[in-house]
Amino acid sequence: MAVAAAHVGGIADHIHPEPQGFIRKYIFSLDHKIIGIQYLVTGFVFFVLAGLLAEIIRVQLMHANGGFVSADTYNEVYSIHGSAMVWLVVIPLLTGGFGNLVMPIMIGARDVAFPWLNMLSFWIFPISGLMLFSSFLMGAPVAGWTEYPPMSLQAQGFGTSMWALAIFLVGVSSTLTGMNFLVTMLKMRAPGMTFTRMPLFVWGQLATAPLLMVATTALAAALAALFMERVFGVPFYDPTKGGSPILWQHMFWFYSHPAVYIMILPGFGIISEVLSTFSRKPPFGYRMIAFSSMAIALFGFMVWAHHMFVAGIAPFLQLPFMVLTYAIAVPTGVKIFSWIATLWGGSLRLTTAMLFAIGFLILFTLGGISGVFLAAIPFDMHTNGTYFVVAHFHYVLVGGSLMSIFAGMYYWFPKMAGRLLNEALGKLHFWLFTLGFNGTFLPMHWLGFMGMPRRVATYDPQFQFWNQFESISSFVMTLGILIFFANVLWSIKYGKKSGPNPWGGRTLEWMIASPPPYYNFKHIPKVFARPYDYSQPLPYKGLEEELTTAKPEPVPAGAH
Amino acid sequence: MDQLAHIERILAMAGGIIVAVVSAYALKNDWKTPGLDNQVFKVMLALLFVGAVLAFLAGYGILGTFPKAA
Amino acid sequence: MIESRRPDVHLGRGFWMATAIYAILSIAAIAYWSVTPLSQWLPAASNTATEIDRFTRFLLAAGSALFIFVAGYVIYFAFAFRRRPTDPPDAIGVQVHGSHRLEFAWTFGAAAFVVLLSVISVAIWYGVEFQSTPGLVVEAIGHQWYYTFRYPGINGEVTQEMHVPVDTPLTVNVTSADVIHSFWVPGLRIKADMVPGLINTMHFVATRVGRYPIICTEFCGTLHGQMNKQVFVVDSKADFQKWYRDWQIKNAHVSNALPAAPGGGASGIDLSKGVATAGKALFAQKCSACHAIAPFEHRIVGPGLLGVLHDPKHPNLVNGKPATPADVAQILLNGYDGSMGHMPNATQNGLSAQDIANLVAYLETLK
Amino acid sequence: MAVASLAQAGAEFAPHGEVDQLYAETRDLRLLGFLMFLVSDVVLFSSFIFAYLYLRNSGQGWPPPGIGRPDVALAALNSAVLFGSGATMHYALENWKHGKFTRYAAFMIATIILGILFLSGQAVEYTKLYFQEHVSWAGSGIFGASFFTLTGMHGFHVFVGVWYLIVLLLQSVHGVYSKDKYFGLTAGTLYWHFVDVIWVVLFSIFYLI
């Protein structure tokens with residue numbers, strides 16, 4: 001109890017001595033900024049691994065009858081690629097990574113509500129990641145990241161069970177993060193930081209946290225059942241024992257559809273921040289942007305069965321799912337329009353972060369449109385399970401989430417390293433990545449429409465030309481990403497010193513030194529307006545001493 | 001076996017009544033208490049009451065079907 | 001106080017020019033999609049296909065128009081409002097926080113479009129989903145990694161190609177013998193997942209004679225990628241009759257091997273091997289709890305089974321199928337659920353393929 | 001001795017100052033956090049309940065052939081026991097709030113005993129099912145799967161809860177909590193009520209419908 005009390009200093013404005021020693025400072029740290037960096041580093045390590053798997057896939061598809069790896073290996077490769085990218089890269093980077101790094105500072109808190117829990121949920125994450133990749137050693141899962149039974153029951157070896165364990169664990173980690181963030185954002189905002197004064201990135205996290213908490217737990221149940229069935233033979237999904245394969249699809253998608261919003265809502269937040277900062281304009285229609293995030297999060301729970309239109313659910317059950325899915329296009333469209341209007345009349349600094357944000361607007365719109373296509377049952381009847389679907393979700397996840405992750409990296413790197421990422425390399429990264437990405441995934445739209453199914457190690461020779469085109473483009477994309485990593489590694493040491501506020505941002509994280517001190521704030525600031533009005537002075541009080549050498553307040557008596 | 005089932009059912013009914021009364025009484029006492037935790041407690045007590053009633057009805061034999069023996 | 005750019009909120013000439021250009025481009029795109037048949041890239045050989053193509057072209061038209069405007073404005077704004085080197089270093093944008101009129105307009109516009117889209121897609125969906133007349137009923141069964149087909153009046157299973165007559169209402173029931181497969185004929189825009197223990201149904205009319213590959217789109221194991229070799233052949237009515245007769249002759253002596261039970265519990269039942277005496281014993285032990293050896297009307301749980309295969313008053317079984325040994329075996333295998341109640345399937349009753357054959361043989365002796 | 005320990009716990013508590021402002025804020029956070037934990041636990045149960053209902057309605061009839069209905073008499077009694085423990089738990093906390101330590105301890109112990117009774121009742125039911133009706137977790141189709149998984153999960157929660165309450169009792173005896181600082185007890189009560197309420201649902205869906 002005393003421990004917990006000691007570490008929720010955020011609202012009870014008091015300070016503890018900074019931990020000394022490498023281990024306590026950087027390994028088992030309780031500091032949300034360090035934990036955020038830990039998430040980012042780990043996430044990008046897994047990103048490299050999963051990216052290599054992606055390149056194996058593309059090399060295999062250079063030729064219509066494959067030949068680079070065996071069909072079984074290929075199935076393992078894309079299954080782990082999908083699982084890792086979703087659960088070990090995008091979700092941790094956007095929530096655990098950027099959420100931890102800046103969200104508490106943005107609401108004027110000294111840390112998240114439960115730092116110990118935060119540390120725990122981080123340390124679960126790399127362990128589950130290692131478990132997932134270790135499944136290669138024991139016959140990795142082959143049925144894709146969705147692992148539909150009976151296929152996943154048929155799979156030999158312990159690999160699939162290990163997959164279930166790993167995803168279960170990473171789910172626990174997300175759930176804990178979700179609770180932690182939700183409590184933090186509800187209870188630990190600085191005085192005057194009302195909900196409608198919160199930065200839009202915080203709104204993104206606020207919409208995401210409940211999804212992390214609720215949806216992920218539902219997935220945990222499905223995974224537990226799969227594990228029990230595989231290991232103890234308890235029948236849930238096996239039709240020969242009275243189970244139902246469709247049951248898994250319901251339980252899985254009840255999580256995994258909200259999961260796609262977990263993977264994009266924080267990204268929306270990043271884009272809102274970046275666009276506003278670099279066009280020196282308030283986000284157009286702050287309220288609409290904020291509330292549409294909540295609307296999307298809410299609708300996200302009511303549309304899962306649109307993944308199952310051809311799986312055999314009753315026709316009149318399909319209708320509401322189709323219409324509700326269309327309905328999600330409204331808040332999403334509102335966001336896009338608001339962002340475009342934010343650009344209008346701005347004074348745009350076309351930095352790398354801004355380029356990624358602008359690229360996001362275009363690519364994510366394309367992904368959104370193809371999403372509406374797939375939501376339409378008649379169109380889905382034809383393209384379900386084809387490369388059209390692959391194209392769609394890569395436009396949303398790479399063109400959407402990953403673009404926003406890169407934007408966030410270029411934008412907030414000063415808050416990690418105190419230095420800027422190199423802009424020239426950054427622009428090169430942007431152009432190579434964007435060109436390569438479109439070359440890789442645009443042709444998949446018509447490939448899918450013309451009859452190329454997904455998850456195939458060999459395919460009809462008539463599609464070979466476009467597949468080779470895609471593979472070569474994917475190498476360009478990879479080159480861009482390698483340049484990004486080179487840029488990061490170089491800039492950590494030799495990058496230009498950023499100073500506290502290199503971009504002229506107005507949210508709280510830019511008001512303190514970069515990298516921020518252990519306590520974020522010497523005094524918790526008072527907030528009396530939204531941060532975004534660039535023609536007005538900053539709406540904060542009590543930050544005068546932040547960039548001076550003044551010592552923070554002592555620990556009040558009896559805090560321990 | 002049959003005897004045992006009867007005893008069980010009688011005890012269930014008794015317990016059901018007691019718990020129902022007690023939880024209703026507790027709910028009445030706490031009705032005005034403020035605070036998040038107390039609000040939750042009230043909901044829980046209400047559900048507890050429902051559960052007790054169910055237990056009683058089940059014991060009485062109105063709800064639930066018994067093996068043919070009983 | 002930061003020096004602010006003069007907030008000129010009126011839209012400049014450049015904006016209207018850009019808008020005009022995008023409008024023209026969108027109209028061009030819409031025009032293009034409304035006159036371009038998708039069948040030039042992928043044959044449209046069924047009534048479903050023409051419907052879905054019409055819908056797809058609508059989606060493509062609307063989608064391209066929307067995309068042209070979004071991408072166009074993004075690029076135009078990014079170019080037009082970039083900070084010029086001549087601007088002061090702390091130049092800021094026009095400080096507009098929003099416009100209720102505009103926000104309402106596009107929210108409402110988006111909502112209106114969604115309503116329109118819903119109406120259109122429901123209409124198309126209804127036409128595709130509910131094509132009433134059953135017509136020719138064919139059954140397709142997915143296996144790792146091939147398809148087999150069952151036709152009324154052809155013993156056993158048809159392998160290799162699936163033939164159907166042109167311009168004839170078709171009902172295709174699909175299921176699976178092992179894992180989830182999918183039955184996709186791109187040329188006809190028809191698809192249904194083949195789920196073990198579940199039967200999915202497609203209604204359509206094939207409209208163009210030709211050969212169209214059948215492709216599996218649900219991952220089903222090692223050779224999933226190879227599960228695109230079999231062909232869906234649309235024949236002229238005459239050719240179909242010929243093909244049909246050939247198979248009838250070819251399979252005349254094939255015992256009516258049944259589709260596997262859900263998950264392949266008991267497949268390949270050979271009714272010719274049934275032993276009536278063994279069936280009698282088995283009946284007393286497994287069936288007599290629910291079925292009497294008495295006329296149909298004498299029910300315990302299920303109907304009485306005296307003369308189940310020779311009862312002129314009841315030519316059909318409880319599942320509506322004609323009372324043939326094969327269909328009785330079918331019920332024994334897959335169980336029954338319906339107006340007459342519930343009968344567990346062979347797996348739940350612990351009936352082997354041979355048991356079923358024996359029981360059928362016994363039931364045939366009841367006159 | 002117990003009373004003395006409470007008195008000394010009360011003595012530790014100073015009416016005003018940093019600590020208590022800090023405690024109040026801390027308590028808010030932890031209360032909210034604990035409720036979030038319960039919420040996600042509810043979701044976990046609901047997902048399995050959804051699975052059970054889905055399988056139950058997948059058209060094989062219920063209970064599946066060869067399996068009799070579970071014994072409602074014993075279950076009803078068992079439920080009455082568990083709900084009773086909920087009531088006693090409630091009064092345990094009430095008495096603590098009013099500083100009546102001895103009554104608090106009595107109700108606590110009653111709760112723990114009732115919890116153990118419930119567990120033994122469930123053990124009896126399991127053995128009956130297994131040895132008399134030959135219903136097992138993996139061997140009896142979807143009935144065994146859903147029944148034993150859900151009731152087992154709940155039983156596990158009760159088991160944990162019993163230990164949780166024992167720890168809380170010992171803590172309170174050693175004066176960890178004072179008349180005004182007893183969040184641990186609040187959390188324990190919340191958890192225990194949660195276990196009861198889940199059982200209300202499980203009881204109705206397994207035995208009554």
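**Figure 1. Chains A and B of the predicted model, which are not joined by any contact.** The closest C-alpha atoms of chain A and chain B lie 13 Å apart. Chain B and chain C likewise do not touch, and their nearest C-alpha atoms are separated by 17 Å. Four pairs of chains do touch, and among these the pair formed by chains A and C has the most contacts.

**Figure 2. Chain B, a chain of two helices and zero strands.** Taken along the principal axes, the C-alpha atoms of chain B fill a box of roughly 50 × 15 × 15 Å. The radius of gyration of chain B is 15 Å, whereas a compact globule of 70 residues would have a value near 11 Å. Buried residues account for 37% of the 70 residues of chain B. Of the contacts in chain B between residues at least 6 apart in sequence, 70% join residues at least 24 apart.

**Figure 3. Chain A, with 17 helices and two strands.** The C-alpha trace of chain A spans about 70 × 50 × 45 Å along its principal axes. A compact globule of 560 residues would have a radius of gyration near 24 Å, and the 23 Å of chain A agrees with this value. In chain A, 67% of the 560 residues count as buried. When contacts in chain A between residues at least 6 apart in sequence are considered, 83% of them join residues at least 24 apart.

**Figure 4. The side of chain A that touches chain C.** Here 74 residues of chain A are in contact with 75 residues of chain C. Among the elements of chain A that give two or more residues to this side are α4 (71-106), α9 (245-262), α11 (286-299), α13 (352-375) and α16 (423-450). The short list continues with, among others, α6 (151-154) and α14 (377-383) of chain A. Helix α12(A) supplies the largest share, 14 residues. By residue class, the side of chain A that touches chain C divides into 48 nonpolar, 18 polar and eight charged residues.

**Figure 5. The largest nonpolar core, with 342 residues.** Within this core, the residues with the most contacts are I340(A), A357(A) and A407(A). Domain 1 (13-91 + 98-129) and domain 2 (136-250) of chain C both give residues to the core, so the core lies between these two domains. Leaving aside its neighbours within four places in sequence, A357(A) is in contact with I271(A), V274(A), L275(A) and A407(A). A second, separate core of 19 residues includes I269(C), A346(C), L351(C) and Y362(C).

**Figure 6. Helix α3(C) and the elements against which its buried residues pack.** The 30 residues of α3(C) should span 44 Å at 1.5 Å a residue, and the distance of 42 Å between its end C-alpha atoms agrees. Buried positions in α3(C) are W106(C), A110(C), L117(C), S121(C), I124(C), W125(C) and V128(C). These buried residues pack against α12 and α14 of chain A, together with α2 (47-80) of chain C.

**Figure 7. The surroundings of W125(C) in helix α3 (residues 100-129) of chain C.** W125(C) counts as buried because 24 other C-beta atoms lie within 10 Å, the threshold being 20 or more. Not counting residues up to four places away in sequence, W125(C) touches I377(A) and P378(A). Within chain C, the C-alpha atoms of W125(C) and F55(C) are separated by 9.6 Å, although the two residues are 70 residues apart along the chain.

**Figure 8. Chain D, with six helices and zero strands.** From the N terminus on, the elements of chain D run α-α-α-α-α-α. Of the 209 residues in chain D, 46% are buried. Residues 24 or more positions apart account for 79% of the contacts in chain D with a separation of 6 or more.

Note on methods. Residues numbered from 1 in each chain as written. Chains lettered and ligands numbered in written order. Predicted model: local features only at pLDDT ≥ 70, side-chain atom pairs only at ≥ 80, totals over all residues. Core = buried A, V, L, I, M, F, W, Y, C linked by C-beta atoms within 7 Å. Buried ≥ 20, exposed ≤ 12 C-beta atoms within 10 Å, placed from the backbone. Domains from an automatic or database assignment. Contact = placed C-beta atoms within 7 Å. Helix = DSSP H or I, 4+ residues; strand = E, 2+ residues; numbered from the N terminus. Rg over C-alpha atoms; globule rule 2.2 N^0.38 Å. Nonpolar A, V, L, I, M, F, W, Y, C, P; charged D, E, K, R; others polar. Expected span 1.5 Å × (residues − 1).
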